[in-house]
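The following exercises are to be worked with the sequence and the model at hand. Each task is followed by a solution that proceeds step by step.

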Amino acid sequence: MHSFDLSFLKFGVFDILDVLIVAFIIYQLYNLIRGTIAANIFIGLITIYLLYRVVNALEMRLLAGILGKFAEVGIIAVIIVFQQEVRRFLLLVGKNASLQRNKAWWKYFFGKDDAEKNNYARIKPIIDACKTMKQSRTGALIVFTKYYDEQFYQNSCEVLDAKISKRMLESIFQKNSPLHDGAVVISENKIKSASCILPVTEKSDLPAQYGLRHRAGIGVTEANDATAIIVSEETGEISYAKQGRIKMDLSFAELEKLLNKDF
Ligand SMILES: Nc1ncnc2c1ncn2[C@@H]1O[C@H](COP(=O)(O)OP(=O)(O)OP(=O)(O)O)[C@@H](O)[C@H]1O
């Protein structure tokens with residue numbers, strides 16, 4: 001009578017946890033590179049690796065040697081090629097681990113009503129400015145970030161450090177203003193800078209009418225822990241970008257909800 005060794009089928013809670021965590025990481029990585037040029041590069045790297053395994057098995061030594069050199073530096077090459085994606089992934093991990101961002105803790109310690117009331121006062125001038133700019137078809141790009149990365153923003157920006165007000169935002173984006181070109185960055189409850197040149201997204205699946213303003217709005221949320229409001233000069237449409245995704249044609253109630261959550 002044959003007896004089969006089925007010990008490999010035994011698994012415990014930690015094995016399940018292990019599989020779930022790996023699945024979660026793969027899903028997050030997929031989300032990060034979906035629709036970007038990085039997805040094609042990733043497929044390229046996998047193809048080279050599979051080819052290497054095949055030629056190695058077939059003992060084609062010269063080709064295996066060349067492809068093997070690629071495989072040897074694999075992890076370093078991946079980090080260099082996917083620098084932006086690795087950065088975004090680490091930001092995502094850090095952001096979710098941050099205690100202050102966890103609203104449940106925040107409300108528990110500091111009270112829900114107070115936080116929301118204060119938030120509305122902070123948001124109102126921004127929403128009011130967007131309403132006026134939508135009406136007058138004034139293009140605008142407003143970036144919100146919790147942590148103002150001086151190195152990232154200051155190189156290309158005009159430093160302001162000004163109080164947030166409706167008229168201030170309107171004047172910046174007014175077409176005759178010397179600061180109207182580029183983005184405004186809001187952080188720590190201040191308009192930190194204006195006229196910022198931001199990285200543009202490399203996404204290839206965006207609507208054709210999206211030009212540089214929308215691409216820069218999405219791009220900054222890919223490279224940083226930031227969100228962005230985009231007011232279209234052409235249509236007056238309000239969009240909101242977060243983690244490399246964009247929500248289009250928002251109502252002001254929707255915008256208020258999003259800002260309340262993220263700002
Ligand atoms: N890299 C960038 N960073 C920040 N702002 C930028 C960047 N590139 C372009 N802009 C802004 O976008 C404006 C050009 O917008 P463009 O018409 O290309 O964008 P769009 O997405 O089609 O938006 P709209 O609907 O407002 O026309 C520029 O005048 C400038 O203010």
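**Exercise 1.** Which residues of strand 1 are buried on one side, and which on the other?

*Solution.* The model is a predicted one.
Step 1. Locate strand 1, which comprises residues 140-145.
Step 2. Recall the general pattern: in a regular strand, side chains point alternately to the two faces of the sheet.
Step 3. Sort the residues accordingly. A140, I142 and F144 are buried on one side, and L141, V143 and T145 are buried on the other.
Step 4. Draw the conclusion. Because six of the six residues of strand 1 are buried, this strand is largely enclosed by the rest of the structure.

**Exercise 2.** State with which strands strand 1 pairs, and in which sense.

*Solution.* Step 1. Consider strand 5 (residues 226-231): it runs antiparallel to strand 1, and six bridges join the two. Within this pairing, L141 has I230 as its bridge partner.
Step 2. Consider strand 3 (residues 183-187). Its pairing with strand 1 is parallel and has three bridges. Here I186 of strand 3 stands opposite F144.
Step 3. Combine the results: strand 1 pairs in the antiparallel sense with strand 5 and in the parallel sense with strand 3.

**Exercise 3.** Describe the surroundings of strand 3 and its hairpin with strand 4.

*Solution.* Step 1. Examine burial. Four of the five residues of strand 3 are buried, and the strand is thus mostly covered.
Step 2. Examine the pairing. Strand 4 covers residues 190-196 and is joined to strand 3 by four bridges in the antiparallel sense. One of the bridge pairs is S187 with K190.
Step 3. Examine the turn. The hairpin has two residues between its strands, and E188 adopts a positive phi near 45°.

**Exercise 4.** Which residues of helix 9 are buried, and why do they line one face of the helix?

*Solution.* Step 1. Helix 9 spans residues 166-173, and its buried residues are L169, I172 and F173.
Step 2. View helix 9 down its axis. The buried residues fall within an arc of 85°, and therefore they line one face of the helix.

**Exercise 5.** Characterise the shell of residues around the ligand.

*Solution.* Step 1. Count the shell: 17 residues surround the ligand.
Step 2. Identify the closest ones, which are G211, L212, R213, S232 and E233.
Step 3. Classify the shell: eight of its residues are nonpolar, five are polar and four are charged.
Step 4. Find the main contributor. Helix 10 (residues 212-223) gives the most, with four residues.
Step 5. Look at G211 in particular. This residue lies in the loop between strand 4 and helix 10. Partly exposed residues have more than 12 but fewer than 20 other C-beta atoms within 10 Å; G211 has 14 and therefore belongs to this class. Its C-alpha atom is separated by 9.8 Å from that of V200, a residue 11 positions away along the chain.

**Exercise 6.** Are R137 and D249 exposed or partly exposed?

*Solution.* Step 1. Place R137: this residue is in the loop between helix 7 (112-135) and strand 1. R137 is not a glycine, yet its phi is positive, at about 55°.
Step 2. Count its neighbours. R137 has 13 C-beta neighbours inside 10 Å, so it counts as partly exposed.
Step 3. Place D249: this residue is in the loop between strand 7 (245-247) and helix 11 (252-262). D249 is not a glycine either, and its phi is positive, at about 45°.
Step 4. Count its neighbours. D249 has 11 C-beta neighbours inside 10 Å, so it counts as exposed.

**Exercise 7.** Compare the record's annotation with the model, and then summarise the chain.

*Solution.* Step 1. Read the record. The unreviewed UniProt entry annotates residues 12-30, 36-55 and 62-82 as "transmembrane region".
Step 2. Inspect two of these spans in the model. Residues 12-30 are 95% helix and 0% strand, with end C-alpha atoms 27 Å apart. Residues 62-82 are 90% helix and 0% strand, with end C-alpha atoms 28 Å apart.
Step 3. Summarise. The chain contains 11 helices and seven strands. Of its 263 residues, 24% are buried. Among contacts with a separation of 6 or more, 59% join residues 24 or more positions apart.

How values were computed:
Residues numbered from 1 in each chain as written. Predicted model: local features only at pLDDT ≥ 70, side-chain atom pairs only at ≥ 80, totals over all residues. Contact = placed C-beta atoms within 7 Å. Pairing = 2+ DSSP bridges. Near = placed C-beta within 6 Å. Nonpolar A, V, L, I, M, F, W, Y, C, P; charged D, E, K, R; others polar. Arc of directions from axis to C-beta. UniProt positions renumbered as here; feature names shortened; annotations may be inferred.
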